[in-house]
Amino acid sequence: MKSLFTFTVILLLLSVSTISFAQENTRERGRGVFVELFGNGLGYSFNYDQRFDKRFDGLGFKAGLSYFAIDGNSVATLPVGLNYLLGKNGKYFEMGAGATFLRAEDSTNAFAVGDSRSVGTGTVGHMIFGYRREPEEGGFLFRASMTPLFGQGTFFPFWFGISLGYAF
C-alpha cells in the first residue's frame, strides 16, 4: 500500500506540472485535483473533481483516495460523491453528498487465532457545504467546507475539511 501512496503522489505532481506549462487557456469545463485535509477522506485524501457539463458551475462529481498506517494499523478510504457549485467568476458555494468506503487492518491483534490480523470494511455517508475558489482560467484551487459524516451508528455534524489544489 505504501507503493500505492507513492504512485498517487507522483501522478498528482506530474499532472499539475504538465498542466501548468500549457501555453494557452483551453479550459472549457471545471476540473481540478486537490489534497483535502480531514473532510470526506477522514484524515486526508487526494481527489479529482469535474463538472458534467462544459461549464464551471453546476453538477459534478468528486472521487478521492487515501491511505495511512500507524504502528501496524492501516486505513484506506475512497470518498466519492456528487456536488453542485452555485456562483460565478470563480467563487462558488459547494453542496453535495456521497459515500466514503473504508477498509481498516489491525495487524497488532494479539488475541486472533491463526492469521494475527483483523480486517474491517464499512461505508459512511457524507455531505458537503462550503466555499470553493476555482478561477475560470485555471490555477490555484481552494476549498473550505463543513462535511458532516453519518452511518454505522455514528454522526459527526461538525466535521470540516480544507483543500488546496490546481484547477485545469
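Visitor: Which residues are linked in a network of salt bridges?

Guide: This is a predicted model. In it, the network links Arg27, Glu36, Asp49, Arg51, Lys62, Glu94, Arg132, Glu134 and Arg143. The structure holds 11 salt bridges.

Visitor: What makes the pair of Glu36 and Lys62 a salt bridge?

Guide: The N to O distance of their side chains is 3.1 Å. The cut-off is 4 Å, between a side-chain nitrogen of Lys or Arg and a carboxyl oxygen of Asp or Glu. Therefore Glu36 and Lys62 qualify as a salt bridge.

Visitor: Where in the chain do Glu36 and Lys62 lie?

Guide: Glu36 is in strand 1, residues 31–38, and Lys62 is in strand 3. They are 26 residues apart, so the pair links distant parts of the chain.

Visitor: Why is Glu36 called buried?

Guide: Its relative accessible area is 0%. Buried means under 20%, so Glu36 is buried.

Visitor: Is Lys62 buried or exposed?

Guide: Lys62 has 3% relative accessibility. That is under the 20% limit, so Lys62 counts as buried.

Visitor: How do you know that Glu36 also forms a salt bridge with Arg143?

Guide: Look at the closest N and O atoms of Glu36 and Arg143: they are 3.4 Å apart. The limit is 4 Å, so this pair passes too.

Visitor: How many residues apart are Glu36 and Arg143?

Guide: Glu36 in strand 1 and Arg143 in strand 7, residues 139–146, are 107 residues apart. Arg143 counts as buried because its relative accessibility is 0%.

Visitor: What makes Arg132 and Glu94 a salt bridge?

Guide: Their side chains meet at 3.1 Å, N to O. The test asks for 4 Å or less, so the pair counts. Arg132 is in strand 6, residues 118–133, and Glu94 is in strand 5; they are 38 residues apart.

Visitor: Why do Arg132 and Glu94 count as buried?

Guide: Arg132 has 0% relative accessibility. Glu94 has a relative accessible area of 1%. Buried means under 20%, so both names fit.

Visitor: Which side chains does Glu94 join in polar contacts?

Guide: One is Asn83, at 3.3 Å. Another is Arg143, at 3.0 Å. The cut-off for a polar contact is 3.5 Å, so both distances fall within the limit.

Visitor: Which residues is Glu94 in contact with, leaving aside its neighbours within four places in sequence?

Guide: They are Asn83, Tyr84, Leu85, Ile128, Phe129, Gly130, Arg132 and Arg143. Glu94 itself sits in strand 5, residues 91–106.

Visitor: How do you know that strand 4 and strand 5 pair?

Guide: The cut-off is at least two bridges. Strand 4 and strand 5 are joined by 16 bridges, so they pair. They run antiparallel. Leu82 stands opposite Ala97 in strand 5. The hairpin has two residues between the strands, and Asn89 takes a positive phi near 55° there.

Visitor: What makes strand 3 and strand 4 a pair?

Guide: Strand 3 covers residues 58–70 and strand 4 covers residues 73–88. They have 11 bridges, and at least two are needed, so they pair. The sense is antiparallel. Tyr67 stands opposite Ala76 in strand 4. In this hairpin, which has two residues between the strands, Asp71 takes a positive phi near 50°.

Visitor: How many aromatic pairs does the count come to?

Guide: It comes to seven. Among them are Tyr44 and Phe46, 5.8 Å centre to centre, with 85° between the planes.

Visitor: Why is the pair of Tyr44 and Phe46 called edge-to-face?

Guide: The centres must lie within 6.5 Å, and planes over 60 degrees apart count as edge-to-face. At 5.8 Å and 85°, Tyr44 and Phe46 meet both limits, so the name fits. Tyr44 is buried, at 16%. Phe46 is buried too, at 14%.

Visitor: Why is the pair of Tyr48 and Phe168 called tilted?

Guide: Their centres are 6.4 Å apart and their planes are at 45°. Stacked needs under 30 degrees and edge-to-face needs over 60. The angle of 45° fits neither, so the pair is tilted. Tyr48 lies in strand 2 and Phe168 in the segment after strand 10, so the pair ties together parts 120 residues apart in sequence.

Visitor: What makes Tyr48 and Phe168 partly exposed?

Guide: Tyr48 has 27% relative accessibility. Phe168 has 23%. Partly exposed runs between 20% and 50%, so both belong there. Tyr48, Phe52, Phe61 and Phe168 form one aromatic cluster.

Methods
Residues numbered from 1 in each chain as written. Predicted model: local features only at pLDDT ≥ 70, side-chain atom pairs only at ≥ 80, totals over all residues. Heavy atoms only, no water. Helix = DSSP H or I, 4+ residues; strand = E, 2+ residues; numbered from the N terminus. Polar contact = N/O pair within 3.5 Å; in protein donor to acceptor, adjacent residues only side chain to side chain. Contact = heavy atoms within 4.5 Å. Phe/Tyr/Trp six-rings, centres within 6.5 Å; stacked < 30°, edge-to-face > 60°. Buried < 20%, exposed > 50% of the residue type's maximum accessible area, 1.4 Å probe, protein only.
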